[in-house]
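Hi,

Here is the structure I promised to pass on. Have a look at it first, then read my notes below.

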Amino acid sequence: MSTQTGYGYDARFKTIQKFTNLAIPQPGPDELVLKIEAAGLCLSDPHTLIGGPIASKPPLQTSTKFVMGHEIAGSVHQVGSQLMGDPAYATGARFALQINHACGVCNMCRAGLDGSCQGSYQAYGLNEDGGFQQFLLIKNLRTLLPIPAGVSFEEAAVCTDSVLTPFHAIQKVRHKLQPTTKVLVQGCGGLGLNGIQILRNYGCTIVATDVKDGVDKIALDYGASEFHHDLSKSAHASQSFDVIFDFVGVQATVNNSDKYIKRRGTLLMVGLGKYKLVLPNYTFAYREIEVIYNFAGNSSEQIECMEWIAKGLIKPNVQIVDFHKLPQALDDLVNNKVRGRVVFRPNKL
Ligand code: NAD
Ligand code: ZN
């Protein structure tokens, strides 16, 4: 086999493209080829396609055509001459990828904040080739994070974003999460359901909300004490939540946060549903609301997330879908028909 099939972005079209006859990469001396064992589908993928928040503006959009898929886990398939015999990269060694290519030498990287690397804006599946194919060339070995025993490829794949991103946001306010802290989670999709599971370990009171049917039971099972489709029909008073996580990022959720956040409360913006939003300037100022934005996370946190999974502290909700059904799955995600996180296994055709 010398060619492979992949799905990706082509600037000329607004829908995902099927790329046939993609070359199977050959590694250079200090590179390796990863066999993709699992790749997750994120709502940021259609954002990329439609020129949404992630890909529409520089510096991320540097490529006009690339294989998508930024939640990636795989096994070593082939190594370059310099890596031959190195047990760390033995054939079959299991790795999850850090999505962004941290340079390792900028001030952010040196401080351990490599998710905010200032030296590189390359990111697998967001502006260069990613995981929606069978084999991916790894030029930057720093992006390879070993998967611990007890963590499946599917779990490790979704850990790269849909677990890591809420985890990273939650770490910023963990000192505020007491048993009496009232937390609102808006959006119980791929990210939000993992966010609830992570929060459960901090003992706070979690109220979840989502407009979609069929996620209420999952949210409650994962640790939410209540679920509401419409918070205004619940008994919660306005200005009654200490911390709010917005895993949607549309005007309706911002307006909800404005209504329900307490004085001196903290709002964590994670969802990228709209490129620009109107924040309630006066009421947030008057109530001294802290607003914290978030983007993915650091490699040390990603490693920690995998340890949480290995210890059974969280169990990501993974829905395995046949690789050839990817365009339909993307359509379902855009039309809000997916529950949990869709994961493909490109080498299990
Ligand atoms: P998802 O489709 O799996 O989940 C989104 C959920 O929001 C759905 O369950 C949907 O029903 C719900 N929702 C929609 N409108 C709502 C409303 N008005 N009120 C309450 N719930 C509502 O998507 P996902 O993959 O979990 O991604 C969520 C968002 O986070 C996307 O915008 C994505 O681009 C973004 N994202 C951000 C980062 C980051 O680093 N900041 C990383 C990954 C994804
Ligand atoms: Zn994502």
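An oxygen atom of ligand 1 sits 3.4 Å from a polar backbone atom of glycine 273. This is a predicted model, by the way, so please read every distance here with that in mind. Glycine 190 offers a polar backbone atom too, at 2.8 Å from an oxygen of ligand 1. With arginine 341 the partner is in the side chain: one of its N or O atoms is 2.5 Å from a ligand 1 oxygen. On its own, ligand 1 would expose 860 Å², and the protein buries 92% of that.

Who else is around the ligand? There are 28 residues around ligand 1, and those that come nearest are Gly190, Asp210, Ala296, Asn336 and Arg341. As for helices, helix 1 (44–49), helix 3 (153–171), helix 4 (190–200) and helix 6 (251–260) each put at least two residues into the shell around ligand 1.

Next, histidine 70. You'll find it in the loop between strand 4 and strand 5 (71–79). Is histidine 70 buried or exposed? With a relative accessible area of 2%, histidine 70 falls under the 20% cut-off and therefore counts as buried. Its side chain makes a polar contact of 2.9 Å with the side chain of aspartate 161, and another, of 3.3 Å, with the side chain of aspartate 45.

Now the salt bridges, of which the structure holds 11. Three of them are worth walking through.

- Lysine 176 pairs with glutamate 290, with 2.8 Å between the closest N and O atoms. Lysine 176 is in the loop between helix 3 and strand 9 (182–186), while glutamate 290 belongs to strand 14 (residues 290–293), so this bridge ties together parts 114 residues apart in sequence. Both ends are partly exposed: lysine 176 has 26% relative accessibility and glutamate 290 has 35%.

- Aspartate 242 and lysine 262 meet through their side chains at 3.0 Å, N to O. The aspartate lies in strand 12 (residues 241–246) and the lysine in strand 13 (residues 261–269), so the parts they tie together are 20 residues apart in sequence. Lysine 262 is partly exposed, at 31% relative accessibility.

- Arginine 264 bridges to glutamate 288, and here the closest N and O atoms are 2.5 Å apart. Because arginine 264 is in strand 13 and glutamate 288 in the loop between helix 7 (281–286) and strand 14, the pair links parts 24 residues apart in sequence. Arginine 264 is exposed, at 60% relative accessible area, whereas glutamate 288 is partly exposed, at 47%.

Last, a sheet to look at. Three strands make up an open sheet in the order 2-1-4, with antiparallel pairing. Which strands are at the edges? They are strand 2 (17–23) and strand 4 (65–67), each of which pairs on one side only. On average, neighbouring strands of this sheet are turned by 50 degrees against each other, direction ignored. Strand 1 (residues 3–10) and strand 4 share three bridges, in the antiparallel sense. To find the pairing on screen, start from tyrosine 9, whose bridge partner in strand 4 is phenylalanine 66. Histidine 70, from further up, sits in the loop that follows on from strand 4 and runs to strand 5.

Cheers

Terms used. Residues are numbered from 1 along each chain as its sequence is written. Chains are lettered from A and ligands numbered from 1 in the order in which they are written. This is a predicted model: local features need pLDDT of at least 70, side-chain atom pairs count only at pLDDT 80 or more; totals for chains, interfaces and linings use all residues. Side-chain values use heavy atoms; hydrogens and water are left out. Two strands pair if DSSP finds at least two bridges between them. Helices (H or I, at least four residues) and strands (E, at least two) are DSSP runs, numbered from the N terminus. Axes are lines fitted to C-alpha atoms, for helices over the stretch in contact, and angles run from 0 to 180 degrees between N-to-C directions. A salt bridge is a side-chain nitrogen of Lys or Arg within 4 Å of a carboxyl oxygen of Asp or Glu. Buried means under 20% relative accessible area, exposed over 50%, partly exposed in between (1.4 Å probe, protein chains only). A residue is near a molecule or strand if one of its heavy atoms lies within 4 Å of it. A polar contact is a pair of N or O atoms within 3.5 Å; within protein, one must be able to donate a hydrogen and the other to accept it, and residues adjacent in sequence count only if both atoms are side-chain atoms. Accessible areas come from the Shrake-Rupley method with a 1.4 Å probe; for residues, only the protein chains shown count as cover.
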